[in-house]
Amino acid sequence: MRLADFDYPLPLELIAQHPASPRDSARLLVLHRGDGRLEHRIFRDLPAYLRAGDVLVLNDTRVIPARLRGRRPSGGAVEVLLLRPAESASGRETWETLGRPGRGLRRGARLLFPREGGAALAAEVVGVRPDGVRLVAFDADRPVLEIARELGTLPLPPYIREPLAHPDDYQTVYARDEGAVAAPTAGLHFTPSLLDRVRAAGVAVVTVTMHIGLGTFRPVTAEDPQRHRMEAEWYEVTPQEAEAINAARAAGGRIIPVGTSAVRTLETVADAAGVVHPGSGWSELFIRPGHRFRAVDALITNFHLPRTTLLMLVSALAGRELILRAYAEAVAQRYRFYSFGDAMLIL
């Protein structure tokens with residue numbers, strides 16, 4: 001297995017810059033693993049492929065307004081992206097961040113983030129890791145995340161070059177638990193009415209949580225993908241959620257996660273027999289071809305970037321050759337790709 005095995009050509013004009021409106025009007029490519037058949041549908045047709053007794057597993061993480069724009073005391077502009085809280089011995093709330101420009105964010109650099117009607121939020125770079133992550137300690141009078149809701153903006157992937165018309169366009173309609181720096185984009189296609197139709201068909205809808213970090217999207221640079229290490233992402237599965245998933249499986253229903261983050265959550269907490277256990281913690285699970293799935297029967301997902309761990313995950317489920325054939329068909333049929341793009345149902 002080589003990194004080049006997970007490459008494919010994509011015309012840049014197929015990278016979606018805006019979400020479908022309404023959300024469930026996105027296109028849906030249905031891939032049948034059994035015979036390799038492909039169907040072209042609309043996302044609102046999803047209930048036709050679900051059966052009573054199935055369980056749909058959603059990731060209810062909510063994207064935080066993690067992008068903070070500020071300045072150095074000398075006046076130079078800076079930007080930091082909050083990744084996750086870090087331990088601190090100073091008593092100041094400290095976060096792992098990415099920032100630019102790098103030369104302005106050396107250890108000891110002081111930062112100021114303007115606030116309306118009050119003093120600027122002050123911070124200091126207290127550490128720089130070899131991977132470029134900056135540890136930033138904030139002089140905050142209340143939780144940094146609370147302040148970020150006032151002065152921060154949602155981080156968008158770099159391939160989305162146009163601003164959001166509405167901030168909630170980059171949140172799922174069921175987003176609840178703040179902590180992600182990227183949306184579980186397969187879920188962006190759902191509307192409340194579509195979820196109602198799913199439930200009315202006898203399908204259980206269960207939520208788990210995985211706070212998606214930038215590590216999910218970090219490029220794989222090693223030519224041998226097995227040398228790539230996933231960055232840890234926090235997950236939680238409650239006893240009630242685990243019980244509902246296990247009950248559906250025991251009764252013959254299929255477990256159908258929505259998005260790769262829901263897949264990684266389920267595969268992290270499932271045992272060898274496929275039983276899902278409640279729990280929380282940090283997952284570094286890297287799913288690639290050769291992985292034996294224990295708690296996943298089908299998958300709703302978007303179209304992923306080439307040479308990424310996400311493309312490897314769907315290739316592990318459906319087979320690399322079949323996935324690349326489906327992607328070639330999606331390109332030929334002018335599907336929209338990536339975060340705001342169209343969807344795929346792998347059965």
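User: Which residues does His-32 touch, not counting residues up to four places away in sequence?

Analyst: His-32 touches Arg-37, Glu-39, Tyr-49, Leu-322 and Leu-347, a contact being heavy atoms within 4.5 Å. The model is predicted, so local features need pLDDT of at least 70 and side-chain atom pairs pLDDT 80 or more, while totals for chains, interfaces and linings use all residues. Residues are numbered from 1 along each chain as its sequence is written, and side-chain values use heavy atoms, with hydrogens and water left out.

User: Why does His-32 count as buried?

Analyst: Its relative accessibility is 13%. Buried means under 20% relative accessible area, exposed over 50% and partly exposed in between (1.4 Å probe, protein chains only), so at 13% His-32 counts as buried.

User: What makes the link between the side chains of His-32 and Glu-39 a polar contact?

Analyst: The distance is 2.6 Å. The term requires N or O atoms within 3.5 Å; within protein, one must be able to donate a hydrogen and the other to accept it, and residues adjacent in sequence count only if both atoms are side-chain atoms.

User: Where is His-32 found?

Analyst: His-32 is in the loop between strand E1 (27-31) and strand E2 (38-42). Strands are DSSP runs of E with at least two residues, helices runs of H or I with at least four, numbered from the N terminus.

User: How do you know that E1 and E2 pair?

Analyst: Five bridges connect E1 and E2 in the antiparallel sense, and pairing asks for at least two DSSP bridges. Arg-27 stands opposite Ile-42 in E2. The two strands form a hairpin with six residues between them, and Gly-36 in the turn has a positive phi of about 75°. E1 is also joined to E17 by four bridges, the two running parallel, with Leu-28 opposite Ala-343.

User: Why is E1 called largely enclosed by the rest of the structure?

Analyst: Four of the five residues of E1 are buried, so the strand is largely enclosed.

User: What makes helix H5 (residues 309-318) largely enclosed?

Analyst: For H5 the count is 10 of the 10 residues buried, so the helix is largely enclosed by the rest of the structure. Among the buried residues are Thr-309, Met-312 and Ala-318. Their cover includes E1, H4, strand E16 (299-302), helix H6 (320-332) and strand E17 (343-346). Just after H5, Gly-319 takes a positive phi of about 95°.

User: Which are the edge strands of the sheet E14-E3-E12-E13-E15?

Analyst: This open sheet of five strands has mixed pairing. Strand E14 (255-257) and strand E15 (279-283) are its edges, each pairing on one side only. E15 pairs with strand E13 (residues 233-237) in the antiparallel sense over five bridges, and Val-237 has Gly-279 as its bridge partner. Helix H4 (residues 260-269) lies across strand E3 (55-59), strand E12 (204-210), E13, E14 and E15.

User: Why is the protein chain called as compact as a globular protein of that length?

Analyst: The protein chain comes to six helices and 17 strands. Its radius of gyration is 21 Å, close to the 20 Å that the globule rule gives for 347 residues, so it is as compact as a globular protein of that length. The radius is taken over C-alpha atoms, and the rule is 2.2 Å times the number of residues to the power 0.38. The C-alpha trace spans about 65 × 45 × 40 Å along its principal axes, and 54% of the 347 residues count as buried.

Definitions and conventions
Axes are lines fitted to C-alpha atoms, for helices over the stretch in contact, and angles run from 0 to 180 degrees between N-to-C directions.
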